[in-house]
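Dear colleague,

I am passing on to you the structure below, together with its sequence, and my notes on it follow underneath. Please read them with the coordinates open beside you.

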Amino acid sequence: MDDKRTEIRRIIKDTKSLPTLPGVIAKLGSMAENNAISVHEMARVVSSDQVLSAKVLRLVNSAFYGFSGRVSTVSNALILLGVNVVKSLAISSSIFEIMEKNVVGLWEHSMGVAVAANVMAKRLKLPEPEETSTAALLHDIGKVIIKIKLQEDFDHLTTLISNKGLMMIEAERELLETDHAEIGEWLAQTWLLPEKLIEPIACHHNVEKSVVHQSKTAVVHVADVLIKASGFGFSGDDLVPMIQPVAWNRLGLTEAILESVIEEVEDKLVEVKNFSLEIQSSDEPKT
Amino acid sequence: MQNIPITLAAPGMIMAKEIKASDDPASMTVCGKGVKLSESLIDRLRQMGIQSLFVEGHPIALEGETTLEEMLAALDKRFIRVAGDPLMVKIKGMYVRHIQRSMGAADGR
């Protein structure tokens with residue numbers, strides 16, 4: 001009885017049916033593996049797609065990474081954030097273009113989680129806070145796939161959630177025999193994203209499952225809970241899940257740290273709301 | 001005190017927190033606490049890339065006409081599944097305190 005699951009896997013494997021990513025991203029991926037290629041050559045590749053580089057810079061300068069308006073070139077973005085992050089930003093900006101229009105609530109939720117993850121990673125002095133933000137930005141990417149590739153099921157999920165008071169993930173498991181975390185994992189693998197982004201996407205509802213990138217996964221999990229608690233954006237349901245004890249312990253969180261993280265995040269969410277409104281208004285067709 | 005996006009700032013509002021030129025607390029103050037906003041000041045702040053500011057009272061109803069009571073009721077509803085978990089109850093308390101503070105003692109409405 002795993003017809004639905006097989007069907008979804010097939011959809012993900014059939015890259016032709018997926019939202020297409022700019023050719024630049026594939027090129028960037030292969031360049032990143034070649035040590036002989038300089039950052040400036042990579043920057044030239046990204047810059048060749050003007051729309052894409054504008055979007056990447058817009059994301060880099062948003063509240064998620066804390067550079068607020070100081071990154072003006074793609075080379076700077078590559079040096080500050082690293083190739084993997086820029087590649088993921090390019091992917092997220094392409095994907096979010098679909099999200100912005102279809103699911104504004106989910107886009108805001110994802111941005112909120114990215115900000116919360118960044119604040120928490122920095123507060124806990126964890127390595128690579130930018131990578132953690134990027135993983136957080138992409139954590140619900142599986143939901144986007146359900147929304148755009150399985151529209152009927154998505155509507156059905158929405159009904160299930162409101163009628164039975166379920167969380168999105170419970171409704172998905174009931175209806176699809178899989179969930180957005182697993183779908184996101186398949187998608188991230190198809191796109192050849194690095195493992196440090198795949199694991200938080202795959203395990204953000206089951207932190208125990210993460211083995212290599214435990215702290216990134218735990219941060220994304222806690223950040224997700226905080227943003228749901230805050231009521232910022234809309235992830236599909238409005239129920240706050242429990243912070244898994246394993247995540248709390250792995251991060252060595254305390255109530256005092258968490259309270260100060262919440263204060264800082266809530267301040268920054270105003271900027272995120274601004275950013276989202278700006279993007280929505282700038283994307284409106286000019287007539 | 002309310003944190004509002006600059007797009008909603010209006011002449012007459014009073015700054016509740018100063019704005020610094022950068023995240024560095026040692027940097028120059030761009031606009032001091034207690035300053036009354038004017039059209040030209042708002043324009044200047046916008047040109048400097050300031051995205052949000054803290055103003056006195058609670059002049060803007062950001063999400064429709066949500067009142068403090070409604071915000072707290074919505075918070076209760078969101079936490080319904082974890083109401084029996086001691087840690088989550090404490091976290092809910094942190095949000096209650098935040099909401100009460102952000103709505104300010106001097107609610108504008």
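To begin with chain B, the C-alpha centres of domain 1 and domain 2 of this chain lie 30 Å apart, where domain 1 covers residues 2-55 and domain 2 covers residues 68-103. Please bear in mind throughout that this is a predicted model.

The contact between the chains comes next. On the side of chain B, 20 residues are in contact with 21 residues of chain A. Three elements of chain B, namely β1 (2-5), α2 (68-78) and α3 (86-103), each supply at least two residues of the side that touches chain A, and α3(B) gives the most to that side, with seven residues. In terms of residue type, the side of chain B that touches chain A divides into 10 nonpolar, six polar and four charged residues.

In chain A, I looked at helix α9 (residues 141-149), which is largely enclosed by the rest of the structure because seven of its nine residues are buried. The buried residues of α9(A) are Ile141(A), Gly142(A), Lys143(A), Val144(A), Ile145(A), Ile146(A) and Lys147(A), so that two lysines appear in this list beside the isoleucines, the valine and the glycine. Val144(A), which has its place in this helix, counts as buried because it has 24 C-beta neighbours inside 10 Å, the cut-off for a buried residue being 20 or more. The C-alpha atom of Val144(A) is separated by 8.6 Å from that of His180(A), although these two residues are 36 residues apart along the chain.

Two loop residues of chain A may also deserve a look at their backbone. Most residues other than glycine have a negative phi. Glu128(A), however, has a phi near 55°, a positive value in a residue other than glycine, and is placed in the loop between α7 (104-123) and α8 (129-138) of chain A. The second case is Glu177(A), whose phi is near 60° and is likewise positive in a residue other than glycine; Glu177(A) is found in the loop between α11 (168-176) and α12 (180-190) of chain A.

How buried or exposed are these two glutamates? Glu128(A) is partly exposed, since 18 other C-beta atoms lie within 10 Å, and Glu177(A) counts as partly exposed with 16 C-beta neighbours inside 10 Å.

With best regards

Methods:
Residues are numbered from 1 along each chain as its sequence is written. Chains are lettered from A and ligands numbered from 1 in the order in which they are written. This is a predicted model: local features need pLDDT of at least 70, side-chain atom pairs count only at pLDDT 80 or more; totals for chains, interfaces and linings use all residues. Two residues are in contact if their C-beta atoms, placed from the backbone, lie within 7 Å. Helices (H or I, at least four residues) and strands (E, at least two) are DSSP runs, numbered from the N terminus. Ala, Val, Leu, Ile, Met, Phe, Trp, Tyr, Cys and Pro count as nonpolar, Asp, Glu, Lys and Arg as charged, and the others, Gly among them, as polar. A residue is buried if 20 or more other C-beta atoms lie within 10 Å of its own, exposed if 12 or fewer, and partly exposed in between; C-beta atoms are placed from the backbone. Domain bounds come from an automatic or database domain assignment.
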